[in-house]
Amino acid sequence: MHMPLEDNLGLNLLAANQHQAAHNREHFDAWQLLCINVMSSPGAGKTSLLERSLPLLATDFAMAVLEGDMTTQLDAERLEAVGVPVVPITTGRSCHLDAAMVAGGLRLLRQRLDPASLDLLWVENVGNLVCPAEFEVGEHRKVALLSVTEGDDKPLKYPVMFREADCVLITKTDLLPYLPVQVERIEDHIKQVNPHCAVLRVSASSGAGIEAWHLWLHQQVAAQRSALLAMPAPQPSSAAAPLSLAR
Amino acid sequence: MHEVDMTRALVLSMQSWREGHRPQQPKVSRVNLQVGAFTCVEPEQLLFTWKVAIANSWLEGAQLAIEPVPLLGRCLACASTYTPAAEQGYRSPCCSHPMEEIVCGRELRIRSVDYELVEANPPPNPQPLNPVFCP
Ligand SMILES: Nc1nc2c(ncn2[C@@H]2O[C@H](COP(=O)(O)OP(=O)(O)O)[C@@H](O)[C@H]2O)c(=O)[nH]1
Ligand SMILES: [Mg+2]
Ligand SMILES: [Zn+2]
Ligand SMILES: [Zn+2]
Ligand SMILES: [Zn+2]
């Protein structure tokens, strides 16, 4: 029998990825850590920012980095020296990380430490302003970087990334004196598509703005801790049931 | 071209949907999508990559129908809706308010699937296709 049927799904095209991302987040919550997904176009300064920030933050937080940026020059030794393990994620030449890749990276990390000991888990995404905005990995916060050398029209050209971000860092501000760009215009363009995100100016080279950025992070960790207290004790669900979507 | 990744993600979601019909097999004739203007997806590109992705798969022959959804913002200063001029800016033309509320345009939605159920022959692999990994 062949019956013509129609299932009304009304579900996201990325449902399978979202399902894995939600499961990642269940584990993150059970481990009581805050996961931050760091995104930008290639070369906007993600790695440099982590190198500047993590040694300073290491006095307050236990952290680890999942590194998905293949071209990265992250100085893993220097970070390991301050107690921050760095685990590379295999992306298979994909232009973004997805939730399954991040789950794979975490499995590697778990061979080295108990994630429950962590306060902050960093994910450096693949350099790309397009699809990382749509592919959740289970993060609690999205941070987008935009360097002043990229011009002020990027937030209008790639609005989805800036709309989704909880915090936008305008990076490389030490270069502003040498550029025709007006940082106020960059900020205005970000605010047009996302009036509620935090917008901070930073320079990984000079350290300008880094304190405000770290203050924002402390606030997010504190907010996540109170959110977890308000929730029933998180239990990663039923041995990870595969997504099943009929009707 | 990230539509390749989007198509892969769509096929994964379709596989999860197929799992729900075990032990029968759905033979899909059409997948009806809604794609908003305020997403990273170009409908034209998606149609192209879909054809490539489903060749020689269980979805072979399935048509992809894309309903484009325009971006509509609501101005929170005066409650009227507007379509932003995209790269010219996202403020409301009425009050120059930033784009706070998005009424529609973020859709990346599988609205429905047209199919018939056939007895699986051979029966589908008992292993679920999309296992969830514990991180
Ligand atoms: N002048 C200046 N250059 C920077 C800054 N941050 C990063 N860079 C440079 O920008 C380039 C790309 O930085 P990187 O951190 O690798 O970017 P990623 O691809 O986003 O990880 C490198 O040559 C860095 O030295 C900054 O704050 N000021
Ligand atoms: Mg990098
Ligand atoms: Zn991609
Ligand atoms: Zn108005
Ligand atoms: Zn699990």
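In which loop of chain A is A:Q32 found? In this predicted model, A:Q32 is placed in the loop between α1 and β2 (34–39) of chain A, where the residue adopts a positive phi of about 55 degrees although it is not a glycine. With a relative accessibility of 55%, A:Q32 counts as exposed, because the threshold for that class is over 50%. A positive phi also occurs in chain B, at B:A79, a residue other than glycine whose phi is near 70 degrees; B:A79 belongs to the loop between β3 (72–74) and β4 of chain B. A further backbone feature of chain B is the peptide bond from B:R22 to B:P23, which is cis, with omega near 0 degrees, and B:P23 itself is situated in the loop between α1 (3–19) and β1 of chain B.

Two metal sites can be described. The magnesium ion (ligand 2) takes its protein donors from A:T47 (OG1), A:D69 (OD) and A:E124 (OE), which lie 2.0 to 2.3 Å from the ion, and the sequence spacing of these donor residues is T-x21-D-x54-E. Distant parts of the chain are thereby linked, since A:T47 belongs to helix α2 (residues 46–57) of chain A and A:E124 to strand β5 (residues 120–124) of chain A, with their positions 77 residues apart in the numbering. Both A:T47 and A:E124 are buried. The zinc ion (ligand 5), by contrast in its donor set, is coordinated by residues of chains A and B, namely A:H23 (NE2), A:H27 (NE2) and B:C134 (SG), at 1.9 to 2.1 Å. The two histidines, A:H23 and A:H27, lie in helix α1 (residues 15–30) of chain A and are 4 residues apart, about one turn of the helix. A:H23 has a relative accessible area of 4% and is therefore buried, and A:H27, at 9% relative accessibility, also counts as buried.The surroundings of ligand 1 comprise 16 residues, of which the closest are A:K46, A:T47, A:S48, A:D174 and A:S205. By class, this shell contains 4 nonpolar, 7 polar and 5 charged residues, and α2(A) makes the greatest contribution to the shell, with 3 residues. Backbone atoms take part in several approaches to the ligand: a polar backbone atom of A:G43 is 2.8 Å from an oxygen atom of ligand 1, a backbone N or O atom of A:K46 lies 2.8 Å from an oxygen atom of ligand 1, and a polar backbone atom of A:A204 is 2.9 Å from an oxygen atom of ligand 1. Ligand 1 exposes 570 Å² when taken alone, and the protein buries 70% of that area.

Over all chains, the structure holds 5 aromatic pairs. One of these is formed by A:W213 and A:W216, whose ring centres are 5.9 Å apart and whose planes meet at 15 degrees, so the pair is stacked. A:W213 and A:W216 both lie in helix α8 (residues 210–230) of chain A, 3 residues apart, about one turn of the helix. A:W213 is buried, with a relative accessible area of 0%, and A:W216, at 8% relative accessibility, counts as buried. In chain B, B:F38 and B:Y90 form an aromatic pair with an edge-to-face arrangement, at 5.8 Å centre to centre and with 70 degrees between the planes. This pair links distant parts of the chain, with B:F38 in the loop between β1 (24–36) and α2 (43–54) of chain B and B:Y90 in the loop between β4 (81–82) and β5 (101–104) of chain B, 52 residues apart. Both B:F38 and B:Y90 are buried. A:W122 joins A:W213 and A:W216 in one aromatic cluster.

Two further buried positions of chain A complete the description. A:E139 is found in the loop between β5 and β6 (141–147) of chain A and, at 5% relative accessibility, counts as buried. The side chain of A:E139 makes a polar contact with the side chain of A:N37 at 3.2 Å, and another with the side chain of A:K142 at 2.5 Å. A:V183, in helix α7 (residues 183–193) of chain A, counts as buried at 6% relative accessibility. The C-alpha atoms of A:V183 and A:D75 are separated by 29 Å, the two residues being 108 residues apart along the chain.

Methods. Residues numbered from 1 in each chain as written. Chains lettered and ligands numbered in written order. Predicted model: local features only at pLDDT ≥ 70, side-chain atom pairs only at ≥ 80, totals over all residues. Heavy atoms only, no water. Donors = N, O, S within 2.8 Å, 3.2 Å for Na, K, Ca; no water. Buried < 20%, exposed > 50% of the residue type's maximum accessible area, 1.4 Å probe, protein only. Near = heavy atom within 4 Å. Polar contact = N/O pair within 3.5 Å; in protein donor to acceptor, adjacent residues only side chain to side chain. Areas by Shrake-Rupley, 256 points an atom, 1.4 Å probe, with all protein chains shown as cover. Nonpolar A, V, L, I, M, F, W, Y, C, P; charged D, E, K, R; others polar. Phe/Tyr/Trp six-rings, centres within 6.5 Å; stacked < 30°, edge-to-face > 60°.
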